[in-house]
Amino acid sequence: MKALTIVLLFLLLSSFSPFIHADVNYLLTINNGTHHIGKVDVVFPRGNTTLEVSLPSWRTGRYEILNMANGVRLFDAKDEKGNALTWQKKDSNTWRINAIPTSKTYISYEVYANELAMRSRHIDDSHAFIDASGFFMFSEKHRNENVTVDLKVPSDWRSVSGMDKGKHEHQFVAKNYDVLVDSPIETGINKLFKWQVDGRDYELVIWGDGNYDTDKMINDLKKLVKTGKDIWHAYPYSRYVFMVHATSGARGATEHLNSTIIQRQRDSFFERDDYIGFITTASHEFVHTWNVKGYRPKGLTPYNYTDHNYTDLLWIAEGSTSYFDDLLLIRGGIITLKEYFKALSKNINKHLERPGREIQSAADTSFDKWINQGGDHDINYSTNIYSEGALISWALDAKLIEDSKGKVSYRDVHKTLYKDFPLPKGFTNHDVKQILKTLSGKDYNLWWQQNVDSPTELNFEHMLNTVGLVFDYPKDVTFDAQAEISGKYENGQFFVERVKRNGVAWQAGLTTGDIVIAINGKRISESFDKYIKRFNSGEKIQISYFRRDTLNTTQLTLSEKANKPKNIRLAKNPSRQQKALFKAWLGVEYPKSL
C-alpha cells in the first residue's frame, strides 16, 4: 500500500508540465494547518551516487545561526520505483542519501511550522508564510538548477510571491535555489492590492485584520517606490511585493529579492507614530532591494546557507539602509522635516547614551553580528550595526557634501556600488575607499580609520551646523537626579536589569540581577526612577539590595539627567551656503520653520 502511495505521488508530481523541464521540484501539502504541520516532497534529478540535502542554518536578512531543522520529522527517501533508499543523518540539518545514479531521488518529510516571529516558517488554519530556508531542503550540487514549487492548500487560499507564477494559481518557478530562498510565499486568506508605477508592477498582500488604512498605505507606497531614482540609476525588478502580517506576538521585517515581509501588531498602524514606524520599515526593506539584494560586501556573497558569512561591512549593508530609509521618506514627501528630525534626534541621543560606542568599532560590530548577545553587556561593550551604521553613514554623507560643496553625496557612493559591483560580485573596504577618492578627489583612509575601524566620536554639532541646524536642549528643560540604572519595579522591589558602565551605580558595585528594596533605610514605594527624583544630584544615598538572597548595602552618589532630551532645531540666521548644503543633503528647501 505504501509503495502504491509513493507511485501515485510520483504521478502527481509528474503531471505538472513544469516538473518535466525543471530539475528540482518541491510540493508542499497543507491539510493540518491547525496543528502547524506541512508535508514536503522533493524530487532531485538523476546522476547522484551520494546525495546530501540540507535545510539552511540561517535565513537571509538575519545574521544569526538558527535551529531551522528542529521541526523536521518523518524523513524518507526513495527511488523512481518507490524503493527505499538508505540514508544517514550527517549533522543537525543535513541528510546523506545513498542514491541510484540512473534514478531521480525522491525525499519527503514533515515540517512543524510555528515560527511566525522568526519569519521563517508558519502554518495555521488561516495561512502559511513560507520562507524556503524553513521548509525546502537543498543540495549544494543542484543549487543552480531550475526550481518549481507547488502548493496543495485549502481551496479558499490565495498564494502570492515575488517569484514568477507557474501553470496554476499555487505554482511558482525560479531559476535556482538562491532565488527560491529569497522569495517567500504568503498563502492563505488575505487581502491583495495591485498597481503600477513607472511601468513596474506592485502588490500589497495583507494577512490579518488591523487598524490599517489600505488607501493611505498604497498612496504612500506609490510615493516611496518613485524615490529609488534619487539614489540609483536603475531598478533591479519589474515587479515588487509588499507582504504585511497584521498580527499579535510578532514584529519586525525582512528584505528579499523583490519582496519584503513586514510584521506589526494589528493595532499599530493608525496613530501617526505607529504609521511612521510602518512606512519607515517599508522604506528600509525597499532600500535593501539595491543595498544587499543588488550589491553587498564580498563576505556575504555567495551565501553559505549552512555556515556563517563574515564581513566587517555589515554597517553598510544594514546601517546605511537605515540611514537611507528616512531620507527617502523626506524626499518622497511622506514624512515632514519635523518628523525626520525627531527620529534623527532620537538616534543621536541613543548613541550618546550607549557606553558600548566607546569600546567597539563599526567594523568589529559588523563582524561579530553573528555572536552578539544583546542585554546589559551588549549595551555597555558593543554597538549596533543599524543605528551606529546609520549615524556613520550620515557622517560620511555630511563630509562628502561639505568637502564637495554639495556636488557629491553618499548617495553617489551607493549609485557607484550598484553600477560597478552588481551581484555576484562583492565589494571590499578598499573598493569603497577607492570610490570615495574617485568621487571627492580626497583620501578617506584617515577618516575610515577614525570612524569605521575605531570606535567613532562623531561631531554632531559640526555636522548639523554645516546645514544650518542646532542640537540642543529645549528651553524648558530641567535636570533631575539619576542613578544610571534601569530595571523593573514590582511590589516594593526593583529588579536591576541594566547598569551603565562606569556610571554611579556601576561604581557603587550594583549589577544586573540585584534586587533593590530600600533607599536610606526606607522601602521603595514607587517606580525607581520616580523615587530617585525625591533627591538631588550630587546627593549620597544608601541602597539596600539582595544578591544571591543575601542583604547588602552600598553608598551611591547621584548624577543628573535632563528631563527632556536634546533635539534638532533650525539655526537663527543660516547662511546661503548652509541652506544650499541642506538642500544637497535632504533634497528639499531649507524651511522657514518646523
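The following paragraphs lead the reader through selected features of this structure, from its aromatic rings to its backbone. The model is predicted.

The aromatic side chains offer a first point of entry. A pair of aromatic rings is described by the distance of the centres and the angle of the planes. In this model the count comes to 44 aromatic pairs. One of them joins Tyr240 and Phe286, whose ring centres lie 6.1 Å apart with 85 degrees between the planes, an edge-to-face arrangement. Tyr240 belongs to strand β18 (residues 239-247) and Phe286 to helix α6 (residues 272-288), so this contact ties together parts that are 46 residues apart in sequence. Is Tyr240 buried or exposed? Its relative accessibility is 0%, and it therefore counts as buried, the limit being under 20%. Phe286 is likewise buried, with a relative accessible area of 0%.

A further pair is formed by Tyr295 and Phe427, which are tilted, with 6.3 Å from centre to centre and 50 degrees between the planes. Tyr295 lies in the loop between α6 and α7 (314-331), whereas Phe427 lies in the loop between α12 (410-420) and α13 (429-440); the pair therefore ties together parts that are 132 residues apart in sequence. Both Tyr295 and Phe427 are buried.

Aromatic residues also gather into a group. Tyr240 and Phe286 belong to one aromatic cluster, whose other members include Trp195, Tyr202, Trp232, Tyr235, Trp290 and Tyr410. Tyr235 has a charged partner as well: the charged end of Arg200 sits over the ring of Tyr235, 3.6 Å from its centre. Elsewhere, the charged end of Lys399 sits over the ring of Tyr444, at 5.6 Å from the ring centre.

Helix α6, which carries Phe286, merits a description of its own. Its 17 residues reach 24 Å from the first C-alpha to the last, close to the 24 Å expected at 1.5 Å a residue. How many of the residues of α6 are buried? The number is 13 of 17, and the helix is thus mostly covered.

The loop between α6 and α7, where Tyr295 lies, contains two notable points of backbone geometry. Val292 is placed in this loop and has a positive phi of about 120 degrees, although it is not a glycine. With 0% relative accessibility, Val292 counts as buried. Pro302 is also located in the loop between α6 and α7, and the peptide bond from Thr301 to Pro302 is cis, with omega near -5 degrees.

Comparable details are found in other loops. The peptide bond from Leu423 to Pro424 is cis, with omega near 15 degrees, and Pro424 lies in the loop between α12 and α13. Asp198, in the loop between β16 (191-197) and β17 (200-207), has a positive phi near 50 degrees and is a residue other than glycine. Asp198 is partly exposed, with a relative accessible area of 49%.

The last feature is a pocket. The second largest pocket has a volume of about 850 Å³. Which residues lie closest to its centre? Of the 31 residues in its lining, these are Lys175, Asp178, Val179, Leu257 and Lys293. Strand β14 (171-174) and helix α4 (177-181) each supply at least two residues of this lining. By character, the lining of the second largest pocket divides into 13 nonpolar, 9 polar and 9 charged residues.

How values were computed:
Residues are numbered from 1 along each chain as its sequence is written. This is a predicted model: local features need pLDDT of at least 70, side-chain atom pairs count only at pLDDT 80 or more; totals for chains, interfaces and linings use all residues. Side-chain values use heavy atoms; hydrogens and water are left out. Rings of Phe, Tyr and Trp (its six-membered ring) pair if their centres lie within 6.5 Å; planes under 30 degrees apart count as stacked, over 60 as edge-to-face and the rest as tilted. Helices (H or I, at least four residues) and strands (E, at least two) are DSSP runs, numbered from the N terminus. Buried means under 20% relative accessible area, exposed over 50%, partly exposed in between (1.4 Å probe, protein chains only). A charge sits over a ring if NZ of Lys or CZ of Arg is within 6 Å of the ring centre and within 35 degrees of the ring normal. On a 1 Å grid over the protein atoms alone, a cavity is a set of points where a 1.4 Å probe fits but cannot get out, and a pocket is an open set with protein on both sides within 12 Å along at least five of seven lines; lining residues have an atom within 4 Å of a point. Grid points are joined across faces, edges and corners, and a volume is the space filled by probe spheres set on the points. Ala, Val, Leu, Ile, Met, Phe, Trp, Tyr, Cys and Pro count as nonpolar, Asp, Glu, Lys and Arg as charged, and the others, Gly among them, as polar. The expected span of a helix is 1.5 Å times one less than its number of residues.
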